[in-house]
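Subject: Structure for you to look at

Dear colleague,

I am passing on the structure we spoke about, and my notes on it follow below. Please read them with the model open beside you.

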Amino acid sequence: MINTTLCYIEKDGKFLSMLHLLIFKHNSYKVGYIYAVATSPKARNKGYATQLIHQAIEMAEKQGLSAIYLIPAKESLYKYYERFGFQGSRKIEFHTNDGFDFGTGEKDSDYASLLLLSPHYMITENILLEK
């Protein structure tokens with residue numbers, strides 16, 4: 001089962017910025033996946049997405065997640081997400097038990113950046129391991 005939380009900023013009943021934090025088991029670890037980060041064109045460059053990413057990271061830490069993954073929509077966004085501690089570009093697939101693909105829909109484009117949330121974990125050959 002996947003637990004999902006919608007984080008958003010709204011004004012006058014209209015969404016300015018949003019993201020989803022999906023929480024699920026990956027192997028034996030509880031991990032998060034930040035999905036569908038979006039900001040209204042008129043609301044960009046005001047720090048809204050930054051606020052939401054910090055909120056999602058804080059929520060993930062409070063829930064004891066091992067790591068958070070995300071798949072940037074374009075190559076230039078890897079650098080943007082580095083400021084939050086996300087690192088690398090790892091080939092990954094996110095599927096539900098019934099086969100729903102949470103990636104980009106293009107398997108060849110699904111490269112995730114990763115934020116480890118605990119010093120007790122490490123990544124080796126794209127696999128999350130307990131130290």
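Tyr8 is found in strand S1, which covers residues 3–11, and since this is a predicted model, please take this and what follows as computed from that prediction. With a relative accessibility of 41%, Tyr8 counts as partly exposed, because that value falls between the 20% below which a residue is called buried and the 50% above which it is called exposed. Together with Leu6 and Phe15, Tyr8 forms a nonpolar patch on the surface, and the accessible area of these three residues together is about 280 Å².

Turning to the pockets, the largest one holds about 640 Å³ of space, and its lining is made up of 27 residues, of which Val37, Ala38, Leu77, Tyr80 and Tyr81 lie nearest its centre. The elements that give two or more residues to this lining are strand S3 (29–39), helix H1 (48–62) and helix H2 (77–82), and of these S3 gives the most, with seven residues. By character, the lining residues of the largest pocket divide into 17 nonpolar, six polar and four charged.

One further residue may interest you, namely Ile71, which sits in the loop between strand S4 (67–70) and H2. Ile71 has a relative accessible area of 14% and is therefore buried, the limit for that term being under 20%. Between the C-alpha atoms of Ile71 and Tyr81, which are ten residues apart along the chain, the separation is 9.9 Å, and Tyr81 is one of the residues named above as nearest the centre of the largest pocket.

With best wishes

Notes. Residues numbered from 1 in each chain as written. Predicted model: local features only at pLDDT ≥ 70, side-chain atom pairs only at ≥ 80, totals over all residues. Heavy atoms only, no water. Patch = residues over 30% accessible without salt bridge, like charges linked within 9 Å, V, L, I, M, F, W, Y side chains within 5 Å. Areas by Shrake-Rupley, 256 points an atom, 1.4 Å probe, with all protein chains shown as cover. Salt bridge = Lys/Arg side-chain N within 4 Å of Asp/Glu carboxyl O. Helix = DSSP H or I, 4+ residues; strand = E, 2+ residues; numbered from the N terminus. Buried < 20%, exposed > 50% of the residue type's maximum accessible area, 1.4 Å probe, protein only. 1 Å grid on protein atoms, 1.4 Å probe; cavity = no way out; pocket = protein on both sides within 12 Å on 5 of 7 lines; lining within 4 Å. Points joined across faces, edges and corners; volume = space filled by probe spheres on them. Nonpolar A, V, L, I, M, F, W, Y, C, P; charged D, E, K, R; others polar.
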